[in-house]
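Please open the structure in a viewer and keep the sequence beside it. The tour below proceeds by selections, each followed by an account of what is found there.

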Amino acid sequence: MWWAKALALLLVVSSCGYHLRGRPPGFSSEWKSLYVEIFRNRTSETRAGVLLTEALRERFARSGFLKLASSPKEADLVLSGEVVRLWIGGVSYNRYTETLERRLSVELRAELRAPHGKILWRNTHLTRYETYPVEGTSEVIDPGREIALRKLAEDLADIIYHQITASF
């Protein structure tokens, strides 16, 4: 009788769209490796492209279905992009001259290509923001900004990963 319950549970879970971790359905079995290029950075935030690239590499490594390649020549797929714009604005204030929270916003482009240059996936307008508290007692100027930038990079890496894997 336990097998009937297990079978029923398996049918329910599989009918809801859930599947075991692994290669996404429709993702070619010929694609075994991925190279993530360092994202170009057109902003004054010097680490934005590098942080995003690191977060993307970590996200794809965690998925386990693609091996990370050390160069584009060794890869079956190449993920590249650029940080187009990054801006910071105040969100809440204590007084006219004292900011309590800021919002860090970013806009980027990304694309996934096969080695011969064929574009397999592209998003030309991906935006995200993170709000963070302004710490006035720290020796570091705007310490929440680095934390917000890292969080943005992780969130964008997840979004890009899910957009790519859902599009096949």
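Which residue stands opposite valine 36 in S4? Select valine 36 and then leucine 79, for leucine 79 is the residue that stands opposite.

**Before going further**

This is a predicted model, in which local features need pLDDT of at least 70 and side-chain atom pairs count only at pLDDT 80 or more, while totals for chains, interfaces and linings use all residues. Residues are numbered from 1 along each chain as its sequence is written, and side-chain values use heavy atoms, with hydrogens and water left out.

**The whole chain**

Display the entire chain as a cartoon. The chain has three helices and six strands; helices (H or I, at least four residues) and strands (E, at least two) are DSSP runs, numbered from the N terminus. Read from the N terminus on, the order of elements is α-β-β-α-β-β-β-β-α. Of the 168 residues, 37% count as buried, where buried means under 20% relative accessible area, exposed over 50% and partly exposed in between, with a 1.4 Å probe and protein chains only. Among the contacts (heavy atoms within 4.5 Å) with a separation of 6 or more, 65% are between residues 24 or more positions apart.

**The strands**

Select strand S1 (33-36). Ser33 and Tyr35 point one way from S1, Leu34 and Val36 point the other way, and all are buried. Two strands pair if DSSP finds at least two bridges between them. S1 runs parallel to S4, joined by three bridges, and leucine 34 has leucine 77 as its bridge partner in S4. S1 also pairs with S3 in the parallel sense, over two bridges; in S3, the bridge partner of leucine 34 is leucine 68.

Next, add strand S2 (40-41) and strand S4 (77-95). Two bridges pair S2 with S4 in the parallel sense, and arginine 40 has glutamate 82 as its bridge partner in S4.

Now add strand S5 (98-113). S4 and S5 pair in the antiparallel sense over 15 bridges and form a hairpin with two residues between them. Within this pairing, leucine 79 stands opposite leucine 112 in S5.

**Helix H2 and the loop after it**

Select helix H2 (48-63). H2 has 16 residues and reaches 23 Å from its first C-alpha to its last, close to the 22 Å expected at 1.5 Å a residue; the expected span is 1.5 Å times one less than the number of residues. Its buried residues include Leu51, Leu52, Ala55, Leu56 and Phe60. The buried residues of H2 pack against S1, S2, S3, S4, S5 and H3.

Move on to glycine 64, just after H2, which takes a positive phi of about 80°. Then select phenylalanine 65, in the loop between H2 and S3. Is this residue buried or exposed? Phenylalanine 65 counts as buried because its relative accessibility is 8%. Add proline 24 to the selection: phenylalanine 65 and proline 24 are 41 residues apart in sequence and 8.4 Å apart in space, C-alpha to C-alpha.

**A pocket and a cavity**

Both are found on a 1 Å grid over the protein atoms alone: a cavity is a set of points where a 1.4 Å probe fits but cannot get out, a pocket is an open set with protein on both sides within 12 Å along at least five of seven lines, and lining residues have an atom within 4 Å of a point. Grid points are joined across faces, edges and corners, and a volume is the space filled by probe spheres set on the points.

For the second largest pocket, select Leu51, Glu54, Ala55, Glu58, Arg59, Arg62, Arg150, Ala153, Glu154, Ala157 and Asp158. Its volume is about 180 Å³. Helix H2 and helix H3 (143-166) are the elements that give two or more residues to this lining, and H2 gives the most, with six. The lining divides into four nonpolar, no polar and seven charged residues; Ala, Val, Leu, Ile, Met, Phe, Trp, Tyr, Cys and Pro count as nonpolar, Asp, Glu, Lys and Arg as charged, and the others, Gly among them, as polar.

Finally, select the lining of the largest cavity, including Ala48, Leu52, Val83, Val106 and Leu149. The volume of the largest cavity is about 90 Å³. H2, S4, S5 and H3 each supply at least two lining residues, and H3 gives the most, with four. By class, this lining has 11 nonpolar, no polar and no charged residues.
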